[in-house]
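Thanks for sharing this one with me. Here are my notes, set out as numbered points so that you can follow along with the coordinates open.

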Amino acid sequence: MQVKDIMTEPVTIDKSERLGHALDIMEKNDLRRLLVTNKGKIGGIITTRQIARVLGARKSLGMPASSLHVASATQDSVIKVLPDMDMLDAMLLLQKTSVLVAVDGEKILGWVRPREVLEKANVSGLASEAMRYPLTANPNDRLVHARRTILDRDVGRLPVVEAGRLVGILTEGDVAKALRAFRDLNDTASKQHTRIYNILVSDVMTHDVKYVYTDTPLEEVKSIILTDNIGGLPVLNHREEVAGMITRRSILDYLVRTG
């Protein structure tokens with residue numbers, strides 16, 4: 001199988017557009033990243049995590065999301081591949097990046113993300129074999145501290161745990177949307193900083209969180225992730241404690257490791 005057999009059409013945005021517009025497009029298309037273009041050519045990738053990084057930066061406080069450009073949150077490095085690249089080689093590259101862009105010269109043909117790989121892959125084994133150690137948050141943590149964990153530890157979501165039990169999940173998208181909402185209040189920088197600093201994880205997190213167990217078959221995990229279009233799921237043991245996180249990327253890593 002080759003890249004051209006699984007690639008899909010990317011959703012793009014010009015680097016001159018506003019961050020708020022990028023978030024709107026992401027929400028409309030249920031995406032966490034967009035391909036950034038510059039005069040029709042590849043300009044980079046913008047993700048909800050990068051938007052959360054920019055919107056939480058103190059140097060830009062006092063400015064609404066509508067005044068910040070996509071270019072301010074764009075990651076310039078994009079791995080371009082040929083459409084006839086073998087899928088195993090593509091999977092190895094995807095362990096280092098979030099998306100591959102298939103090109104013919106300067107023409108954009110499509111993109112491949114972990115999602116496209118999982119849609120075609122048969123996965124055997126149990127959730128415990130592909131999960132990662134869980135980083136967690138408490139509902140009473142400040143959002144700015146949870147955001148710092150997401151950025152510093154390069155994770156897309158944090159299970160929210162209270163008294164040893166899963167009570168919600170906080171994603172990078174939740175953080176970006178919350179910061180955008182508070183920035184759009186058009187407060188002064190100092191007042192905006194105070195408002196944002198006082199947001200708690202419980203104010204933003206998703207309460208109705210889906211999860212799986214350590215002995216849930218990976219094929220079932222994959223089905224939930226793809227059907228509900230979610231990036232990952234908390235994994236519980238049979239004492240109902242959070243034992244891990246399983247994501248599209250961790251399943252991809254498992255496929256490469258066992259394939």
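**Notes on the model**

1. Let me begin with helix α2 (residues 19–29), where Leu19, Gly20, Ala22, Leu23, Ile25 and Met26 are buried. Please keep in mind throughout that this is a predicted model. The buried residues of α2 pack against three strands, β1 (12–14), β2 (33–38) and β3 (41–47), and against the helices α3 (48–55) and α8 (172–183). Just after α2 comes Asp30, with a positive phi near 55 degrees.

2. Next, the nonpolar interior. The largest nonpolar core has 35 residues, and those touching the most other members are Ile13, Leu19, Leu34, Ile46, Ile51, Leu55 and Leu170. At least two residues of this core come from each of α2, β2, α3, α7 (143–152), β8 (157–162), α8 and α10 (201–204). Which element gives the most to this core? That is α2, with five residues. A second, separate core holds 29 residues, including Ala90, Met91, Ile251 and Val256.

3. Ile46 is a good residue to click on. Leaving aside neighbours within four places in sequence, Ile46 is in contact with Ile13, Leu19, Ala22, Met26, Arg32, Arg33, Leu34, Val36, Ile51, Val70 and Ala73. Among these, Leu19, Ala22 and Met26 are also on the list of buried residues in α2.

4. Now to the other end of the chain. Helix α12 (residues 248–258) is mostly covered, with eight of its 11 residues buried. They are Arg248, Ser250, Ile251, Leu252, Asp253, Tyr254, Leu255 and Val256, so you will find charged residues in the list next to aliphatic ones. Their packing partners are α4 (87–94), α5 (114–120), α6 (127–130), α11 (218–228) and β12.

5. The sheet that includes β12 deserves a look. This open sheet has three strands in the order β10-β11-β12, with mixed pairing. β10 (212–213) and β12 (242–247) are the edge strands, each with a single partner, so one side of each has no neighbour in the sheet. Strand β11 (residues 232–236) runs antiparallel to β12, and five bridges join them. Within this pair, Val235 stands opposite Gly244.

6. A hairpin is formed by β6 and β7. Strand β6 (residues 100–104) and strand β7 (residues 107–112) are antiparallel and joined by five bridges, with Ala102 opposite Gly110. Two residues lie between the strands, and Gly105 in this hairpin has a positive phi near 70 degrees.

7. Some backbone angles are worth checking by eye. Most residues other than glycine have a negative phi. Asp154 is not a glycine, yet its phi is positive, at about 55 degrees. Asp154 sits in the loop between α7 and β8 and is exposed, with a relative accessible area of 56%. Asn229, also a residue other than glycine, has a positive phi near 50 degrees. The loop between α11 and β11 holds Asn229, which is partly exposed at 22% relative accessibility.

8. How far apart in space are Ser128 and Asn229? Their C-alpha atoms are 21 Å apart, and 101 residues separate them in sequence. Ser128 belongs to helix α6 and is partly exposed, with a relative accessible area of 34%.

9. On aromatic pairs, a search of the whole structure finds one. The ring centres of Tyr211 and Tyr213 are 5.8 Å apart and the planes meet at 85 degrees, so the pair is edge-to-face. Tyr211 is partly exposed, its relative accessible area being 39%.

10. Finally, the chain as a whole. The chain has 12 helices and 12 strands. Its radius of gyration is 19 Å, close to the 18 Å that the globule rule gives for 259 residues, so the chain is as compact as a globular protein of that length. Along the principal axes, the C-alpha atoms fill a box of roughly 55 × 55 × 25 Å. Buried residues account for 49% of the 259 residues. Of the contacts between residues at least 6 apart in sequence, 65% join residues at least 24 apart. The accessible surface is about 12500 Å², and carbon and sulfur atoms make up 47% of that.

Note on methods. Residues numbered from 1 in each chain as written. Predicted model: local features only at pLDDT ≥ 70, side-chain atom pairs only at ≥ 80, totals over all residues. Heavy atoms only, no water. Pairing = 2+ DSSP bridges. Helix = DSSP H or I, 4+ residues; strand = E, 2+ residues; numbered from the N terminus. Phe/Tyr/Trp six-rings, centres within 6.5 Å; stacked < 30°, edge-to-face > 60°. Buried < 20%, exposed > 50% of the residue type's maximum accessible area, 1.4 Å probe, protein only. Rg over C-alpha atoms; globule rule 2.2 N^0.38 Å. Contact = heavy atoms within 4.5 Å. Areas by Shrake-Rupley, 256 points an atom, 1.4 Å probe, with all protein chains shown as cover. Core = buried A, V, L, I, M, F, W, Y, C linked by side-chain atoms within 4.5 Å.
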